[in-house]
Amino acid sequence: MTGTDGPVAHRVVVTDVGTWCDARLGFDARRQLTVLDWLATPGQRLAEVTGVAGVPRRNRRVERRT
């Protein structure tokens, strides 16, 4: 690693959960979701937050209800 002659921008933002969820999902997920929250949130956003974005469907664990 080489040294620099100035400030380094690591692009790290420290925030709380509510602010992060509001910025990422459009609502604070710590409170109970409303029907509007659920229907207005793009599926891709939910996939990114839950960690299944980019995981091929065949590799996802599926729990079956009986």
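A search of the whole structure, which is a predicted model, finds three salt bridges. One of them joins Glu-48 to Arg-24, with the closest N and O atoms 2.2 Å apart. Because Glu-48 lies in helix H3 and Arg-24 in helix H1, this pair ties together parts that are 24 residues apart in sequence. Glu-48 counts as partly exposed, at 34% relative accessibility, and Arg-24 also counts as partly exposed, at 29%.

Another salt bridge is formed by Asp-37 and Arg-31, whose closest N and O atoms are 2.9 Å apart. With a relative accessible area of 13%, Asp-37 is buried, since buried means under 20%. Its partner Arg-31 counts as partly exposed, at 40% relative accessibility. The side chains of Asp-28 and Arg-30 also meet in a salt bridge, at 2.8 Å from N to O.

The setting of these pairs is given by the secondary structure. The protein chain contains three helices and zero strands, and, read along the sequence, it follows the pattern α-α-α. Helix H1 covers residues 17–25, helix H2 covers residues 35–40, and helix H3 covers residues 43–50. Of the 66 residues of the chain, 11% count as buried. The chain exposes about 6,400 Å², and carbon and sulfur atoms supply 53% of this area.

Two packed helices are described by the angle between their axes and the distance between the axes. For H1 and H3, the angle is about 145° and the axes are 10 Å apart. On the H1 side, the residues that meet H3 are Trp-20, Arg-24 and Leu-25. On the H3 side, Arg-45, Leu-46, Glu-48 and Val-49 take part in the contact. By class, this contact of H1 with H3 has four nonpolar, no polar and three charged residues. Both partners of the salt bridge between Glu-48 and Arg-24 are among the residues that meet here.

Arg-30 lies in the loop between H1 and H2. At 58% relative accessibility, Arg-30 counts as exposed, because the exposed class begins over 50%. Besides its salt bridge with Asp-28, Arg-30 touches Asp-16, Val-17 and Gly-18, when residues up to four places away in sequence are not counted. Arg-30 and Gly-18 are 12 residues apart in sequence, and the distance between them in space is 6.7 Å, C-alpha to C-alpha.

A nonpolar patch is also found on the surface. Leu-33, Val-35, Trp-38 and Leu-39 make up this patch, which has an area of about 450 Å². One of these residues, Leu-39, is found in helix H2. Leu-39 counts as exposed, at 65% relative accessibility.

A further local feature concerns the backbone of Arg-11, a residue in the segment before H1. The phi angle of Arg-11 is near 60°, a positive value in a residue other than glycine. Arg-11 counts as exposed, its relative accessibility being 81%.

Definitions and conventions. Residues numbered from 1 in each chain as written. Predicted model: local features only at pLDDT ≥ 70, side-chain atom pairs only at ≥ 80, totals over all residues. Heavy atoms only, no water. Patch = residues over 30% accessible without salt bridge, like charges linked within 9 Å, V, L, I, M, F, W, Y side chains within 5 Å. Areas by Shrake-Rupley, 256 points an atom, 1.4 Å probe, with all protein chains shown as cover. Salt bridge = Lys/Arg side-chain N within 4 Å of Asp/Glu carboxyl O. Helix = DSSP H or I, 4+ residues; strand = E, 2+ residues; numbered from the N terminus. Buried < 20%, exposed > 50% of the residue type's maximum accessible area, 1.4 Å probe, protein only. Axes fitted to C-alpha atoms, helices over the stretch in contact; angles between N-to-C directions. Contact = heavy atoms within 4.5 Å. Nonpolar A, V, L, I, M, F, W, Y, C, P; charged D, E, K, R; others polar.
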